[in-house]
Amino acid sequence: MGPVAAKLDAPHVQEFCNAVALGSTAYMVECLPLLHEPFHQCFAIVPKQVAAQGGRQLTGWAIWEVPGLFIEAEFHAVWQRPDGAVVDVCPRPVHYPRITFLPDAKRQYVGLRVDNTRKPLMRDPDLLRFLHLCQRRFVVVNQSDLANQHGNISKADKALREFTLLEKEMAKLQRRLSRRYPTGA
């Protein structure tokens with residue numbers, strides 16, 4: 001049940017993108033991760049890349065889909081090189097050759113996490129519970145001492161205990177959904 005870059009020509013993807021950033025158009029961006037950098041730290045990595053190589057940071061959303069199950073927008077930054085080409089330099093645990101990127105000039109990173117926007121593509125109770133838990137996990141992390149931790153969560157406190165329970169239930173739901181929908185719905 002892993003995500004893939006959303007397909008630009010799918011009507012549900014276009015509709016979702018329009019709801020996330022009205023008037024903006026998504027496009028594919030090549031992934032050229034800086035392997036010496038930590039995972040999922042685009043808002044730290046891209047400014048360093050701009051300072052070192054020129055160009056500019058573009059802020060928007062990486063659009064992911066678990067085919068047939070749900071679509072998701074992840075607040076993200078990419079690097080526009082001085083020659084105008086746009087690349088994603090942020091490493092991820094799984095390498096993707098390209099991502100679907102939706103620019104959003106109205107949103108800027110101000111040092112705080114932004115929750116992903118998710119939309120179910122079917123009405124499965126386990127899927128709806130999973131998406132609810134994704135949102136709850138974001139709230140738990142951002143209303144506690146964990147809010148200032150980026151990357152791996154390691155602090156032991158009440159929020160960490162709830163975070164751990166959420167992660168366990170989410171993993172159980174993912175396994176169930178993967179068995180039911182092995183290649184998407």
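Here is a short conversation about a predicted model, between a trainee and a mentor.

Mentor: Local features here need pLDDT of at least 70 and side-chain atom pairs count only at pLDDT 80 or more, while totals for chains, interfaces and linings use all residues. Residues are numbered from 1 along each chain as its sequence is written, and side-chain values use heavy atoms, with hydrogens and water left out.

Trainee: Which element gives the most residues to the largest nonpolar core?

Mentor: A nonpolar core is a set of buried Ala, Val, Leu, Ile, Met, Phe, Trp, Tyr and Cys residues joined through side-chain atoms within 4.5 Å; buried means under 20% relative accessible area, exposed over 50%, and partly exposed in between, with a 1.4 Å probe and protein chains only. The largest one has 24 residues, and Trp61, Ile63, Val89 and Leu102 touch the most other members. Two or more residues come from each of α1 (11-20), α2 (42-53), β3 (56-66) and β4 (70-80), where helices (H or I, at least four residues) and strands (E, at least two) are DSSP runs numbered from the N terminus. With five residues, the top contributor is β4.

Trainee: Is Asp115 buried or exposed?

Mentor: Asp115 sits in the loop between β6 (98-103) and β7 (117-120). Its side chain makes a polar contact of 3.1 Å with that of Arg118; such a contact is a pair of N or O atoms within 3.5 Å, and within protein one must be able to donate a hydrogen and the other to accept it, with residues adjacent in sequence counting only if both atoms are side-chain atoms. Because the relative accessibility of Asp115 is 19%, this residue counts as buried.

Trainee: How far apart are the end C-alpha atoms of helix α3?

Mentor: The expected span of a helix is 1.5 Å times one less than its number of residues. For the 18 residues of α3 (residues 125-142) that gives 26 Å, so the model agrees, with end C-alpha atoms apart by 26 Å.

Trainee: Which elements do the buried residues of α3 pack against?

Mentor: Among the buried residues of α3 are Leu127, Phe130 and Val141. Counting contact as heavy atoms within 4.5 Å, the buried residues of this helix pack against β4, β7 and α4 (158-180).

Trainee: How many disulfides are there?

Mentor: A disulfide is a pair of cysteine sulfur atoms within 2.5 Å. The sulfur of Cys31 is 9.1 Å from the closest cysteine sulfur, in Cys90, so that is too far for a bond. Cys42 is in no disulfide either, with the sulfur of Cys90 nearest at 5.2 Å. By this rule, the count of disulfides is zero.
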